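Trainee: Could you pick one part of this model and take me through it closely? I'd like one connected account, with the cut-offs spelled out as you go.

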Amino acid sequence: MKRILLALGLVALAAINAACSTASAQPLPSGPVDPNGPTIVARDMKFQNATVEVTAGSSVTLHFDNQDSAPHNVAIYTDSSASSAVSVGEIVASGKKDQVVPALKPGTYFFRCDVHHDMTGTIVAK
Ligand SMILES: [Cu+2]
């Protein structure tokens, strides 16, 4: 009986996981994507560009270049509370990774590495 309950519990957990990952999936950007977005370099455990600019109102490809051997990503949030994600890039152990950022309204956004929260920067959309 215990075994059945355990199995049911696991099934329930899997269902919850599936539901959560669907809910947190970011909407795919619609419309054209500007391929010439900024490059953000991570080196020596910090972002080398503390502030990057993007054009407001159009999706843009951000080029992430992780020159460390430590894993980093570029996770963009509405502000430094990091409670509302705008675009969360894949964690890259080392090397380059492109990330499509959905069109942003004009304003200032916060980004950080989700692995190392002290690695931060600012994205200005204008
Ligand atoms: Cu990192």
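**The copper site and the strands**

Mentor: Let's begin with His116, which is buried, its relative accessible area being 19%. Buried here means under 20% relative accessible area, exposed means over 50%, and partly exposed is in between, with a 1.4 Å probe and only protein chains counted. Keep in mind that this is a predicted model, where local features need pLDDT of at least 70 and side-chain atom pairs count only at pLDDT 80 or more, while totals for chains, interfaces and linings use all residues. Residues are numbered from 1 along each chain as its sequence is written, and side-chain values use heavy atoms, with hydrogens and water left out.

What coordinates the copper ion? The donors are His72 through ND1, Cys113 through SG and His116 through ND1, at 1.9 to 2.2 Å. A donor is an N, O or S atom within 2.8 Å of the metal (3.2 Å for Na, K and Ca), and sites may look incomplete because water is not among the atoms. Along the sequence, the donor residues follow the spacing H-x40-C-x2-H. His72 sits in the loop between strand 5 (59-66) and strand 6 (75-77), and His116 in the loop between strand 9 (107-112) and strand 10 (120-125), so this pair ties together parts that are 44 residues apart in sequence. His72 is buried too, with a relative accessible area of 0%.

Those strand numbers come from DSSP runs counted from the N terminus: helices are H or I runs of at least four residues, strands are E runs of at least two. By that count the protein chain has one helix and ten strands, and read along the sequence the helix comes before the strands, as α-β-β-β-β-β-β-β-β-β-β.

Now to the sheet. Five strands form an open sheet in the order 4-10-9-6-7, with mixed pairing. Strand 4 and strand 7 (85-88) are its edges, each pairing on one side only. From one strand to the next the twist averages 25 degrees; the axes behind it are lines fitted to C-alpha atoms (for helices, over the stretch in contact), and angles run from 0 to 180 degrees between N-to-C directions. Two strands count as paired if DSSP finds at least two bridges between them.

Strand 9 and strand 10 are an antiparallel pair with six bridges. Among these, Gly107 has Ala125 of strand 10 as its bridge partner, and Phe111 has Gly121 of strand 10. Strand 6 and strand 9 are also antiparallel, over three bridges; one of these links Ala75 to Arg112 in strand 9.

Over at the edge, Val54 belongs to strand 4 (residues 51-54) and is buried at 9% relative accessibility. Leaving out residues up to four places away in sequence, Val54 touches Pro38, Val60, Leu104, Ile123, Val124, Ala125 and Lys126. A contact means heavy atoms within 4.5 Å. Val54 and Pro106 are 52 residues apart in sequence, with 9.2 Å from C-alpha to C-alpha.

Thr61 is in strand 5, the strand that comes before the loop of His72. Thr61 is buried at 11% relative accessible area, and with the same sequence neighbours left out, its contacts include Val33, Asp34, Pro35, Asn36, Gly37 and Pro38, along with Asp98, Gln99 and Val100.

Two backbone oddities are worth a glance. Most residues other than glycine have a negative phi. Ala82 has a positive phi, near 55 degrees, without being a glycine. Ala82 is in the loop between strand 6 and strand 7 and is buried, at 16% relative accessible area. Met45, not a glycine either, has a positive phi of about 60 degrees; Met45 lies in the loop between strand 2 (39-43) and strand 3 (46-47) and counts as partly exposed, at 39% relative accessibility.

Finally, the whole chain. Of its 126 residues, 33% are buried. Among contacts between residues at least 6 apart in sequence, 61% join residues at least 24 apart. The accessible surface comes to about 7500 Å², with 59% of it belonging to carbon and sulfur atoms; areas come from the Shrake-Rupley method with a 1.4 Å probe, and for residues only the protein chains shown count as cover.
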